[in-house]
Amino acid sequence: MLFASNKSRSQGPSGGPRLQLPLLPLRDVVVFPHMVVPLFVGREKSIKALEHAMTLDKSIFLCTQKEAKVDEPSEPDIHTIGTIGTVLQLLRLPDGTVKALVEGRGRGRIDYFISTQDFFYVEVETLIEPEEDSHETEALVRSLNSTFENFAKINKKIPQDIISSVINNRNPSQLCDSMITHLNLKLEDRQNLLSIISPTARMEALYELMRGEIEVMQIEQRIKNRVKKQMEKTQKEYYLNEQMRAIQKEMGDSDDIKNEINELEEKVKKKRLSKEASERVRHEIKKLKMMSPMSAEATVVRNYIDWILALPWYEKTRSNLDMDKAEQILNDDHYGLEKPKERILEYLAVQSLVKNNKGPILCLVGPPGVGKTSLARSVARALSRNFIRLSLGGVRDEAEIRGHRRTYIGAMPGKIIQSLRKAKTSNPVFCLDEVDKMSTDFRGDPSAALLEVLDPEQNCRFGDHYLDLDYDLSEIMFITTANSLHTIPGPLQDRMEIIRIPGYTEDEKLNIAKNFLVKKQVLANGLSQDKVDFSDNAILTTIRRYTSEAGVRNLEREIASVCRKLAREIVRTNDQNGPAKLKVTGKNISQYLGIPKYRFGVAEETDEIGLVNGLAWTEAGGEILTTEVLVMPGKGNLILTGKLGEVMQESARAAMSYVRSISGKLGLDPNFYRKLDIHIHIPEGAIPKDGPSAGITLVTGLVSALTKRKVRRDVSMTGEVTLRGRVLPIGGLKEKVMAAHRGELKTLIIPQDNEKDLKDIPERILKTFTILPVKMVDEVLKVALVIDPDNPLFKDSKNEPPLASEEEEKKLPTSIIKNDHAASDSEPLGHNA
């Protein structure tokens with residue numbers, strides 16, 4: 001029975017003689033011409049095909065199955081191109097299978113199947129290779145030989161004699177087929193090479209496959225070398241560690257490591273730890289026992305155990321609860337500062353009544369040099385506690401607060417835990433200095449990390465990344481310091497009790513200098529009290545004419561400068577006439593400090609038109625802000641100079657609008673502004689100035705310049721003004737009062753709603769002023785402008801004011817008057833008018 005089959009086309013074959021041969025289907029193997037292969041045959045059809053071939057001329061056709069898993073292949077399951085071979089030997093095995101040794105003779109293609117009943121019997125067309133260009137063939141032969149040699153060098157499994165026999169074969173077809181047998185190619189690639197009849201095309205395909213195989217083998221070789229080196233390194237370390245142990249054992253040092261671990265275990269028994277910390281440290285010690293002492297991880301574990309054992313978990317300092325003694329210490333160290341001292345004494349009182357009282361979190365806010373950090377140190381001394389200070393200025397990494405995770409090389413706990421290790425107690429006074437000068441970058445926000453530290457409800461379970469344990473910070477008394485609040489995030493401010501230290505008055509500076517600074521600098525410069533005498537007048541002159549600050553830092557520098565010059569003078573005097581006592585007075589202070597740096601207490605000699613004394617808040621305290629207004633012919637321009645901020649410029653425009661609205665009551669032409677240019681200037685133009693509280697100052701200056709009425713030189717004022725002439729409250733009143741006091745201004749005009757803030761100002765300062773609380777601008781003008789009986793502004797104050805009365809304002813829409821509230825104290829960099 002005959003069976004037709006589909007013929008597959010090969011590259012340029014030419015037909016040869018046709019043969020009728022038994023077919024032996026092969027699984028997972030491709031037989032090439034000139035290749036001797038042993039085959040183990042177990043299928044009945046295949047055995048019959050071999051037996052039939054032995055009865056004839058031993059010729060058989062060898063074809064590979066498309067799917068090796070198929071046990072009973074049919075016609076479509078067999079490749080059409082295969083190898084015509086000869087059965088060299090046939091041997092029956094005891095298990096019924098047959099071992100056959102076959103040799104390939106040439107390529108052939110199945111024309112059609114003759115029979116498939118007992119075994120496959122096919123008609124095969126012999127494929128004859130074409131003759132091709134000798135030069136191209138020679139080049140490919142050389143390339144193949146070179147590549148095969150490289151392959152053999154890497155493989156190292158091919159014997160040298162086989163390499164030589166393969167390379168010496170000059171027949172391109174036989175060369176290809178012999179090389180293929182030594183390559184580890186896929187079955188599909190082998191079948192494709194068998195199907196290529198043209199020797200040149202076959203050599204090109206083989207060359208590409210061989211190059212790819214070489215690259216794969218090179219990668220495998222590199223991986224093996226890398227693994228081998230790593231294994232050798234590990235083995236070397238193990239060998240050296242064992243040698244080290246042996247040497248230590250011989251020298252008697254082998255017990256040191258055991259003793260060290262025993263010491264750690266003994267410390268754990270004696271140290272009082274939290275339950276979580278105790279379990280963790282025991283687990284880490286157990287790990288340490290199983291590690292090689294020379295390994296890097298053993299060092300990390302050891303450092304971690306040391307940190308846990310070094311921290312004060314339950315070690316506390318017994319607080320001094322004697323309020324009289326604590327108050328005496330605070331008064332000895334600092335003059336004034338009543339509010340902070342009162343808060344500390346309140347804490348002591350509560351501590352004496354409640355055993356487990358949580359530590360307060362105070363924030364001392366004030367200008368530089370007022371003693372914020374030294375006050376925190378005095379608090380620690382008053383409470384008999386340890387003191388630690390951590391400066392947060394410039395800190396921009398969250399890990400500085402929370403610590404680094406132990407996965408990083410060189411990881412350490414955060415500054416909070418490090419400082420507690422130095423303090424050696426779990427309830428110290430902890431000063432977080434410059435909390436307003438932290439910054440933020442890609443590494444995190446340290447102010448956000450401080451939220452947990454400074455929250456009384458959370459800091460009992462503070463989690464440091466390095467420790468990975470809960471640590472109780474609730475008994476620590478945190479005191480933070482800052483120069484201003486506007487750079488501290490709102491959530492962080494919410495966690496702290498803010499106590500403002502506005503600055504020292506002149507009397508307070510005098511007392512601080514007499515009782516602290518002079519004594520300190522006299523001793524620091526090698527002088528003695530019996531040789532140096534500072535008069536009160538000398539100190540006052542130094543305060544007034546050589547410093548301008550809210551604190552006493554520059555004052556101390558000036559006193560130190562005087563002491564250095566006195567030391568030089570005493571040394572010179574000792575060399576000539578023996579010791580002498582030197583007196584420093586207000587008259588000779590300039591001999592030591594030179595020309596005065598600041599004007600103080602020098603009011604204008606005469607009353608001026610358009611010149612008004614305003615008051616400003618700065619980070620260094622309050623200052624007098626002189627405001628000048630000049631009127632000149634023009635086209636109605638309002639010129640503002642002096643580096644004024646947006647809020648202050650808006651105040652100037654509001655003041656101008658108000659003055660225009662009352663022009664009739666001032667005796668001015670309603671269109672006066674069209675023919676005039678008005679210039680408002682605030683001196684010290686290099687310093688930024690902003691804020692709403694210069695409103696009444698600007699109105700007074702404008703009215704003075706437009707009506708040609710002089711302003712009293714001894715009057716200062718502060719207050720925000722509305723378009724209806726109301727005077728609204730302002731912030732920073734104490735600092736502004738201090739500035740007016742330093743300038744010896746006799747009359748101070750303030751908003752009536754700020755009258756309650758006068759309680760915070762010392763009585764001796766208030767006695768030097770005539771303080772006038774006002775609600776309307778016309779009250780300001782009657783006091784500030786020199787009296788002119790012909791002007792309607794200066795009629796009897798019992799009469800109706802020329803501005804809107806309170807009853808009239810009640811009839812106005814609420815949208816006009818609803819902004820009657822205290823101004824925002826935004827604390828800019830320069831003056832806040």
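Colleague: Which residues gather in the patch of negative charge on the surface?

Modeller: The model is predicted: local features need pLDDT of at least 70, side-chain atom pairs count only at pLDDT 80 or more, and totals for chains, interfaces and linings use all residues. Residues are numbered from 1 along each chain as its sequence is written, and side-chain values use heavy atoms, without hydrogens and water. Patch members have over 30% relative accessible area and no salt bridge, with like charges joined within 9 Å and nonpolar side chains (Val, Leu, Ile, Met, Phe, Trp, Tyr) within 5 Å; Asp and Glu count as negative, Lys and Arg as positive, His and the chain ends not at all, and each charge is placed at CG of Asp, CD of Glu, NZ of Lys or CZ of Arg. Here the members are Asp322, Asp324, Glu327, Glu338, Glu342 and Glu346.

Colleague: Which helix gives the largest share of the negative patch?

Modeller: Helices are DSSP runs (H or I, at least four residues), as are strands (E, at least two), numbered from the N terminus. Two helices, α10 (323–333) and α11 (338–353), each supply at least two residues. The largest share, three residues, comes from α11.

Colleague: Is Glu342 buried, partly exposed or exposed?

Modeller: Glu342 belongs to the negative patch and sits in helix α11. Areas follow the Shrake-Rupley method with a 1.4 Å probe and only the protein chains shown as cover; buried means under 20% relative accessible area, exposed over 50%, and partly exposed in between. Because its relative accessibility is 47%, Glu342 is partly exposed.

Colleague: Which residues make up the patch of positive charge, and where is Arg568?

Modeller: On the surface, Arg564, Lys565, Arg568 and Arg572 gather in this patch. Arg568 has a relative accessible area of 61%, so this residue counts as exposed. Its home is helix α19.

Colleague: How many bridges join β5 to β6?

Modeller: Strands pair if DSSP finds at least two bridges between them. On one side, β5 (residues 81–92) runs antiparallel to β4 (residues 59–64), with four bridges, and Ser59 has Thr86 as its partner in β5. With β6 (residues 98–115), β5 is again antiparallel, Ile84 being partnered by Gly106, and the number of bridges is eleven.

Colleague: What phi does His34 take?

Modeller: Most residues other than glycine have a negative phi. His34, in the loop between β2 (14–26) and β3 (36–41), is partly exposed because its relative accessibility is 46%. Although not a glycine, His34 has a positive phi of about 65°.

Colleague: How many residues apart in sequence are Arg18 and Asp111?

Modeller: A salt bridge puts a side-chain nitrogen of Lys or Arg within 4 Å of a carboxyl oxygen of Asp or Glu, and the count here is 30. In one of them, Arg18 and Asp111 meet at 2.1 Å, N to O. Arg18 lies in strand β2 and Asp111 in strand β6, so the pair ties together parts whose separation in sequence is 93 residues.

Colleague: Is Asp433 buried or exposed?

Modeller: Asp433 forms a salt bridge with Arg389, with the closest N and O atoms 2.9 Å apart. Arg389 is in strand β9 and Asp433 in strand β10, so this pair ties together parts 44 residues apart in sequence. Arg389 is partly exposed at 43%, whereas Asp433, because its relative accessibility is 4%, is buried.

Methods:
Buried means under 20% relative accessible area, exposed over 50%, partly exposed in between (1.4 Å probe, protein chains only).
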